[in-house]
Structures are given as C-alpha cells and as structure tokens.
Amino acid sequence: MVNASLNWASIWGLVLMALWVPALVVSLRRFDLLMARDQPAATFQGIALVGFLITLLGRCSALPLVGSILFFQGWRLDPILQFGVGLLVMGTVVEAIPSVRADHRALLQRSAEDAQLSSRQRALARRLRDRAWPWSFAHCLLPFAGIYYAITRRTITPLLWDLVARVVMGLVDCGVIVLLERLSDAGTWPIGLAGFSVLVVLNVFAGLLPVRVAIRRIQADARRRLDAQS
C-alpha cells in the first residue's frame, strides 16, 4: 500500500531527497577525480578505498532510497518513531554537509587547473585519463553516472551502449524467465536453476563489457584528435 500523506516522516524523506541532489553531483565528480589515471596508486588503498566506496554508494543510492521509503511509507510510524527518525535524519544532514562542502572545495581546485583548456580539449583529456573498469561499474551501479559521463566527456557512446545492452538483456531475461517457469512446471527445476545462474552472469557481463568497449573506443578517438591538434 502506498500513501504519501504529509507528516513528519514524509518531510524528513523530502529533506533526504534534497540533500541527495548536491551529494550526488559532488560524489560523481569526486569519483571522476579519484579514478583518473594520473592519480597515484597510493591515494586510496585498503580501508580508505572501502570507506570511499561505502560513502559513494551511501550518497548516490542510500539517500534517495531511504528518502523515498520515508516519503511513501512514513505514515506507518507512530509519533515517537517519527521523532526518532527525525533525529537520525538531522544527524545525517549535519554530518554530511561538511563532507560534501570539503569535497566541493577540493574539486574547485582541480577545475581551476583545467580552466586554461577549452571545453572540447578538456573533455578529450578527461577521456584519456579514464579507467575503463571503474567507469563500467559506475554506469551499472551509480544513478545518473552515464549521464554525467556523457556531459563531461561530450559523448553519448558509452551511455547508448549501456542502454542497448540493458534493453537486449531485458528481452533475454523475459524469455528465459518464461522458459524457467515451463521447466519448473515440468519437474526439471535443477536445469532451470542452472539457467538462472547463467542468466545472472550474463547480466553482469552485459552491463560491464559494452561500456568498457565503448570507453576504449572513445579513448582511441580522443587520442587521435589530440594528436591531430598538436
């Protein structure tokens, strides 16, 4: 049951959604900076890398998820629980704002370094600094990562390849699910279970490999264009 009545829990959900917008932009830009090839390998290792990934997923995915749950289902909470949720949300906002502002200031310093290049040259240079595998995972897991990449790199090739792969795998999934249901009705569920496992593996590769291939292609194109300009 979905009920979006106005109450304190739904208001806290809207607060989290409002925090998610700047946190998403800053997090994607920070991911862009830290995953560049010119970053030293020792920048993020071990616990620091795990902490960064948890923070990234929390800002990009957990904030809108929790905010939408509170907005649509917060009416189920009694007033005491709504008060407790409000305290948690206020604590999250107070803790998150300084971190987002610190990341934003660090990104402004990097933007000042690239200001001497034209927008086209800056986009081509960013393509060459990209690491293919991290951005492949970002396209699959992070909201709006493909759109951010298309805007900052001035190319829609990885985004299109990602969308085409998702559509194709969606059609394949529908066919395989129907096949699994028929196999289960026929008493041959072990074969269906094996097919389901293969389907999961195919979905993972279908989400990663096309984006990686597309990024490699645009990197080769960027290198050719920069060489022609020089």
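**Figure 1. The side chains of Arg 225 and Asp 221 meet in a salt bridge.** The gap from N to O is 3.1 Å. The model shown here is predicted. Both Arg 225 and Asp 221 belong to helix α8. They sit four residues apart, about one turn of the helix. In an α-helix there are 3.6 residues a turn, so residues three or four places apart point the same way. Arg 225 is partly exposed, at a relative accessible area of 35%. Asp 221 is buried, at 17% relative accessible area. Buried means under 20%, so Asp 221 falls on the buried side of the cut-off.

**Figure 2. Asp 221 also forms a salt bridge with Arg 224.** Here the closest N and O atoms are 2.8 Å apart. Asp 221 and Arg 224 both lie in helix α8. This pair is three residues apart, again about one turn of the helix. How accessible is Arg 224? Arg 224 is exposed, with a relative accessible area of 52%. The cut-off for exposed is over 50%, so Arg 224 passes it.

**Figure 3. A salt bridge joins Arg 127 to Asp 221.** The closest N and O atoms of this pair are 3.5 Å apart. Which helices does the pair link? Arg 127 is in helix α4 and Asp 221 is in helix α8. The two residues are 94 residues apart, so distant parts of the chain are linked, with each helix taken as a DSSP run. Both Arg 127 and Asp 221 are buried. Now return to the pair of Arg 225 and Asp 221, whose side chains also meet in a salt bridge. Salt bridges that share partners join Arg 127, Asp 221, Arg 224 and Arg 225 into one network. The count for the protein comes to six salt bridges.

**Figure 4. The protein is built from eight helices and zero strands.** Read from the N terminus, the elements run α-α-α-α-α-α-α-α. The protein has 230 residues, and 35% of them count as buried.

**Figure 5. The largest nonpolar core holds 32 residues.** Which of them touch the most other members? They are Phe 31, Val 89, Trp 135 and Leu 142. Six elements are worth tracing here: α1 (8-34), α2 (47-73), α3 (79-113), α5, α6 (145-153) and α8 (189-229) each give two or more residues to this core. The largest share comes from α1, with eleven residues. In soluble globular proteins, nonpolar side chains tend to be buried together.

**Figure 6. Helix α6 is mostly covered.** How many of its nine residues are buried? Seven are. The buried residues in α6 are Ala 145, Gly 146, Tyr 148, Tyr 149, Ala 150, Thr 152 and Arg 153.

**Figure 7. Phe 144 and Arg 154 have positive phi values.** Most residues other than glycine have a negative phi. Phe 144 has a phi near 65°. Phe 144 is placed in the loop between α5 and α6. Its side is partly open: Phe 144 is partly exposed, with a relative accessible area of 48%. Arg 154 comes just after α6, with a positive phi of about 55°. Arg 154 lies in the loop between α6 and α7 (157-185). At 43% relative accessibility, Arg 154 also counts as partly exposed.

**Figure 8. Eight side chains make a nonpolar patch on the surface: Trp 133, Phe 137, Leu 141, Val 200, Val 201, Val 204, Phe 205 and Leu 209.** Together they have about 730 Å² of accessible area. Which elements give two or more residues to the nonpolar patch? They are α5 and α8. Helix α8 gives the most, with five residues. One of the patch residues is Val 200, which lies in helix α8. Val 200 counts as partly exposed, at 40% relative accessibility. Patch residues need over 30%, so Val 200 clears that cut-off.

**Figure 9. Four arginines form a positive surface patch.** They are Arg 37, Arg 131, Arg 216 and Arg 223. Where does Arg 131 lie? Arg 131 is in the loop between α4 (119-129) and α5 (132-141). Is Arg 131 buried or partly exposed? Arg 131 is partly exposed, with a relative accessible area of 31%. The patch cut-off is over 30%, so Arg 131 meets it.

Note on methods:
Residues numbered from 1 in each chain as written. Predicted model: local features only at pLDDT ≥ 70, side-chain atom pairs only at ≥ 80, totals over all residues. Heavy atoms only, no water. Patch = residues over 30% accessible without salt bridge, like charges linked within 9 Å, V, L, I, M, F, W, Y side chains within 5 Å. Areas by Shrake-Rupley, 256 points an atom, 1.4 Å probe, with all protein chains shown as cover. Lys, Arg positive; Asp, Glu negative; His and termini not counted. Charge placed at Lys NZ, Arg CZ, Asp CG, Glu CD. Buried < 20%, exposed > 50% of the residue type's maximum accessible area, 1.4 Å probe, protein only. Core = buried A, V, L, I, M, F, W, Y, C linked by side-chain atoms within 4.5 Å.
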